Amino acid sequence: MNGHDDKLARTEDDVRSALRDLEQYAPARDRVLRALGQPGTRRRPRRPRRARLLAGTPGGRAGAGWPGGPRWRRWAAPAAAALALLVVAAALALTAGTRGHHGMPRGGSAPSSPPGLGTPHRNNGGLFFWTHFNRVNGLAALSAHDIWAVGSAATGKPLIERWNGMAWKQVPSASPRDAKESLLNSVAATGSSSAWAVGYYNNGSAIKTLIERWNGRAWTQVTSPSPGGSHAWSALSGVAAAGTSSAWAVGYYGRPIRPLIERWNGRAWTYVASPNPGGRDGGALDAVATAGRSGAWAAGNVGTRTVDEALIERWNGRAWRQVTSPRPTGSRGSTLTAIAAGPAASAWAVGYYYADTDVEPAVLTLIERWNGRAWTQVTSPSPGGSAEHLPDQSLLQAVCTISPSDAWSAGSYSSGNPLGKILIERWTGRTWTQLPAGR
């Protein structure tokens, strides 16, 4: 190395060191920027999930049984639709670039910036607005000929489309009258005349929960709790249904944010207390899945002052309780983006975690399995590698289970290319393996 190159290398090292030292002053810097009317930065890594798969069985229960059909149909009937939707979900994940969760920047101590923006940290921000864009965030399949898709439209209104076996057709949504902007994040269907979609809307002064219901003829808004105060925010990220009289919706609310869980009892949506192990450091739930008619799982992440860790909660028929989630070795933060319940007290949860490196944390896939007694991490491919510079990353954003020995997960990965590639992984009963994504 010549003198010039050596000097340049030393300068780059000095810059990196200075940037790391300045990280501790970022909260104060952001407060000053906000006081001056500037947005500040979002430093907490946040779920880059672009699409949520709630498919595989009616109601998006991905492996849970449903009443009224032979047991073998619980696994055989939805398989083709589930696999197709996983590929769609992964493809949609790549179309959104590196926006925040569901394309929305979050305020408050809300979970925030996606992988590629540095070490996970937290930030207190102001009320957010998002850019209008066309995108699908959630899918639910009743059969290969009846599929719902929900998301956002460039008009600032919720997007709802339905597949009839031959073509997709847009269906009018029920945007609140006072909404400046609104979108849907997730959908669950239990029959041709029964479906739920959840998200949030902005009325100009607060972010509020949005729940819409399909009655076989039209989508209508259904009143839902929005805790957190008139100028705070409440948003829903996931929904799952176990019949016409039972459904769950999860998300986050408040400042600092905390997990939000709501339940449909056949007559109304009500707030249900949820563990908040992060305390003042907050937490949020991204996904929910029903297990039979009385059980349910929810997944997301929880704050630990400096980073986020995966959060799993379980409904035991009476209350929601936190269940220990394993921390990957060398992890500098992790989050779960999707969860699916299967037979024989089994379940899968997927997401990603930050592996420790000298410069930037590499993003690796995270898969956890419930064996009826505990959650354990299961080794999964991370084709994006563990390079010390981003956007090299591998992450999972959707999961479904067909049988105890057959499960699928989808996401994206990149290796020196910010556009990324589709990532499809399959559980064969022994290991998770990467499969070709078709392009």
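Buried means under 20% relative accessible area, exposed means over 50%, and partly exposed lies in between (1.4 Å probe, protein chains only). This is a predicted model, in which local features need pLDDT of at least 70, side-chain atom pairs count only at pLDDT 80 or more, and totals for chains, interfaces and linings use all residues. Residues are numbered from 1 along each chain as its sequence is written, and side-chain values use heavy atoms, with hydrogens and water left out.

**Whole chain**

Start with the whole protein in view. Buried residues make up 56% of its 439 residues. The protein has four helices and 25 strands; helices (H or I, at least four residues) and strands (E, at least two) are DSSP runs, numbered from the N terminus. Its accessible surface comes to about 17,900 Å², with 52% belonging to carbon and sulfur atoms; areas come from the Shrake-Rupley method with a 1.4 Å probe, and for residues only the protein chains shown count as cover. A contact means heavy atoms within 4.5 Å. Among contacts in the protein with a separation of 6 or more, 58% are accounted for by residues 24 or more positions apart.

**Strands 2 to 4**

Select residues 146–152, which are strand 3. Seven of its seven residues are buried. Asp146, Trp148, Val150 and Ser152 are on one side, Ile147, Ala149 and Gly151 on the other, and both faces are covered.

Add strand 2 (residues 135–143), which runs antiparallel to strand 3 and is joined to it by seven bridges; two strands pair if DSSP finds at least two bridges between them. Two residues separate these strands in a hairpin. Within this pair, Ala141 stands opposite Ile147.

Next add strand 4 (residues 158–163), also antiparallel to strand 3, with six bridges between them. Here Ile147 stands opposite Trp163. Five residues lie between strand 3 and strand 4 in their hairpin, and Gly156 in the turn has a positive phi of about 85°.

**Aromatic pairs**

Rings of Phe, Tyr and Trp (its six-membered ring) pair if their centres lie within 6.5 Å; planes under 30 degrees apart count as stacked, over 60 as edge-to-face and the rest as tilted. By this rule there are 18 aromatic pairs. Show Trp148 and Trp219, an edge-to-face pair at 5.1 Å centre to centre with 90° between the planes. Trp148 is in strand 3 and Trp219 in strand 9 (residues 219–221), 71 residues apart. Trp148 is buried, with a relative accessible area of 0%, and Trp219 is buried at 5%.

Move to Trp248 and Trp315: the ring centres are 4.9 Å apart and the planes at 55°, so this pair is tilted. Trp248 lies in strand 11 (residues 247–253) and Trp315 in strand 16, so the pair ties together parts 67 residues apart in sequence. Trp248 counts as buried at 2% relative accessibility, as does Trp315 at 7%.

Return to Trp148 and add Trp214 and Trp219; these three form one aromatic cluster.

**Nonpolar cores**

A nonpolar core is a set of buried Ala, Val, Leu, Ile, Met, Phe, Trp, Tyr and Cys residues joined through side-chain atoms within 4.5 Å. Select Trp297, Ile312, Val323, Leu336, Ile339, Trp370 and Trp375, which touch the most other members of the largest core, a set of 18 residues. Strands giving two or more residues to this core include strand 14 (283–291), strand 18 (331–341) and strand 19 (347–355). Strand 19 gives the largest share, four residues. Apart from this core lies another, of 15 residues, including Ala140, Trp148, Ala197 and Trp219.
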